[in-house]
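User: Hi! I have a model open and would like to understand the words used to describe it. Could you take me through the reasoning behind them?

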There are 2 protein chains.
Amino acid sequence: MMIDELNWKILKCLQENARMSNAEIGRRVGVTSPAVSERIKKLEDAEIIQGYTTFVSPLEVGYQFKALITLSAFMGMLKPFLEKVKTYDEVVNCYRITGNENIVMEVVLKNQRHLQTFIDQLIIFGETKTQIVLSHVVKYSEVKPIK
Amino acid sequence: MMIDELNWKILKCLQENARMSNAEIGRRVGVTSPAVSERIKKLEDAEIIQGYTTFVSPLEVGYQFKALITLSAFMGMLKPFLEKVKTYDEVVNCYRITGNENIVMEVVLKNQRHLQTFIDQLIIFGETKTQIVLSHVVKYSEVKPIK
DNA sequence: AGTGAAAGTGATATACG
DNA sequence: CGTATATCACTTTCACT
């Protein structure tokens with residue numbers, strides 16, 4: 001599928017604020033709301049738009065910190081881990097990566113004890129490395145057109 | 001601010017689909033749409049809700065891969081980097097972390113050459129480590145109530 | 001803090017450039 | 001692929017509880 005300039009403008013609006021009305025998007029990009037509606041539908045069908053979500057602040061709801069946890073899986077333990085990780089409420093993001101380290105997870109934790117019990121659950125899968133997140137410098141920045 | 005069970009149900013709906021109408025949320029959680037509207041406004045004011053966004057697939061719009069790039073900053077170079085990183089279109093997320101490695105970035109790249117030119121920009125700030133993302137196993141999972 | 005009703009605005013389907 | 005119109009749904013405000 002083709003993404004023209006108008007579609008990029010619509011994607012920009014939606015990335016800025018997913019709850020913006022089609023009418024408001026239309027005003028900003030210079031078309032009517034049915035046109036916006038149809039284009040959004042096509043972007044969804046083409047899976048260019050993969051969903052709409054809300055940022056809920058982990059700190060404001062009582063989690064004390066975030067951490068990045070890196071897992072170097074033991075032989076044969078990567079596959080079971082990939083299934084298991086989906087069930088952890090703590091994990092908000094999980095990437096499989098190249099190299100000796102196989103997995104990086106972004107986790108939300110309520111306190112140090114919680115970190116300990118969480119890491120304890122991982123030891124059967126491999127070796128872990130924990131890095132506490134001090135700040136989220138760039139947060140879910142927009143995906144922009146390729147130059 | 002207090003987050004009661006009703007607010008958690010509303011947050012669950014919004015995290016699943018930020019574009020869900022207040023009326024639809026109301027039907028699912030058992031209140032009227034003005035009630036939903038008012039609660040959402042309070043959650044926004046309390047900065048529990050920090051925004052609404054749209055997932056645009058980097059691969060579908062022409063980026064060939066993602067990478068995690070770790071930066072171990074040279075003495076005195078962390079602060080200038082923290083300003084500079086906001087200007088990079090490639091960086092969709094950037095975390096400052098504890099330990100010898102100071103920064104982890106999630107970046108979208110159009111090809112190998114792009115990776116090289118991007119890393120070249122970083123060498124003045126510190127040493128880098130690059131891990132190519134093979135898959136995004138858990139994607140922006142919901143933040144859930146603390147048990 | 002939530003409901004119900006009124007008025008305004010937005011979404012959707014259809015007909016037509 | 002877009003607009004224009006009409007109908008229906010949703011949002012917002014407000015009086016009341």
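Analyst: Happy to. A residue is near a strand if one of its heavy atoms lies within 4 Å of that strand. This is a predicted model, and in it 13 residues surround DNA strand D, the closest being A:Thr32, A:Arg39, B:Asn22, B:Ala23 and B:Arg27. Of the atoms of DNA strand D that come within 4 Å of the protein, 86% belong to sugar and phosphate.

User: What makes the approach of A:Thr32 to DNA strand D a polar contact?

Analyst: The cut-off is a pair of N or O atoms within 3.5 Å. A polar side-chain atom of A:Thr32 is 2.6 Å from a phosphate oxygen of DNA strand D, so the pair meets the cut-off of 3.5 Å. A:Arg39 has a polar side-chain atom 2.5 Å from a phosphate oxygen of this strand. With B:Ala23 the partner is a backbone N or O atom, 2.8 Å from a phosphate oxygen of DNA strand D. Helix 3 of chain A, together with helix 2 (22-29) and helix 3 of chain B, are the elements giving two or more residues to this surface.

User: How do the residues of the surface near DNA strand D divide into nonpolar, polar and charged?

Analyst: There are five nonpolar, five polar and three charged residues.

User: Which residues are closest to DNA strand C?

Analyst: They are A:Ala23, A:Arg27, B:Thr32, B:Arg39 and B:Lys42, out of 14 residues that surround DNA strand C. Sugar and phosphate make up 86% of the atoms of DNA strand C that come within 4 Å of the protein. The surface residues here divide into six nonpolar, five polar and three charged. Helix 3 (33-45) of chain B gives the largest share, four residues, while helix 2 (22-29) and helix 3 (33-45) of chain A each supply at least two.

User: Why does A:Ser37 count as making a polar contact with DNA strand C?

Analyst: An N or O atom in the side chain of A:Ser37 is 3.5 Å from a phosphate oxygen of DNA strand C. The cut-off is within 3.5 Å, so this pair counts. A:Arg27 also has a side-chain N or O atom by a phosphate oxygen of DNA strand C, at 2.8 Å. For A:Ala23, a polar backbone atom is 3.0 Å from a phosphate oxygen of the strand.

User: Now the helices. Why are the buried residues of helix 5 of chain B said to be on the same side?

Analyst: Buried means under 20% relative accessible area. In helix 5 (residues 112-122) of chain B, that describes B:His114, B:Leu115, B:Phe118, B:Ile119 and B:Leu122. They cover an arc of only 130° around the axis, and therefore they sit on the same side of helix 5 of chain B. On the other side of this helix, B:Arg113 and B:Gln116 are exposed. The elements packed against the buried residues include strand 2 (65-73) and helix 4 (78-84) of chain B.

User: Why can the buried residues of helix 2 of chain B be placed on the same side?

Analyst: The buried residues of helix 2 of chain B are B:Ile25, B:Gly26 and B:Val29. Their arc around the axis is only 105°, so they lie on the same side of helix 2 of chain B. Among the elements covering them are helix 1 (5-16) and helix 3 of chain B. Just after helix 2 of chain B, B:Gly30 has a positive phi of about 90°.

User: What is the phi of A:Glu47?

Analyst: Phi is positive, about 60°, although A:Glu47 is not a glycine. A:Glu47 is in the loop between helix 3 and strand 1 (49-56) of chain A. In chain B, B:Glu47 has a positive phi near 60°, and B:Glu47 is in the loop between helix 3 and strand 1 (49-56) of that chain.

User: Last one: which backbone nitrogen does the side chain of A:Asn111 reach at 2.8 Å?

Analyst: That of A:His114. The side chain of A:Asn111 also reaches the backbone nitrogen of A:Arg113, at 3.3 Å. A:Asn111 is in the loop between strand 4 (103-109) and helix 5 (112-122) of chain A. At the start of helix 5 of chain B, a side-chain oxygen of B:Asn111 comes to within 3.3 Å of the backbone nitrogen of B:Arg113.

Notes
Residues are numbered from 1 along each chain as its sequence is written. Chains are lettered from A and ligands numbered from 1 in the order in which they are written. This is a predicted model: local features need pLDDT of at least 70, side-chain atom pairs count only at pLDDT 80 or more; totals for chains, interfaces and linings use all residues. Side-chain values use heavy atoms; hydrogens and water are left out. A polar contact is a pair of N or O atoms within 3.5 Å; within protein, one must be able to donate a hydrogen and the other to accept it, and residues adjacent in sequence count only if both atoms are side-chain atoms. Ala, Val, Leu, Ile, Met, Phe, Trp, Tyr, Cys and Pro count as nonpolar, Asp, Glu, Lys and Arg as charged, and the others, Gly among them, as polar. Buried means under 20% relative accessible area, exposed over 50%, partly exposed in between (1.4 Å probe, protein chains only). The arc is that of the directions from the helix axis to the C-beta atoms. Contact means heavy atoms within 4.5 Å.
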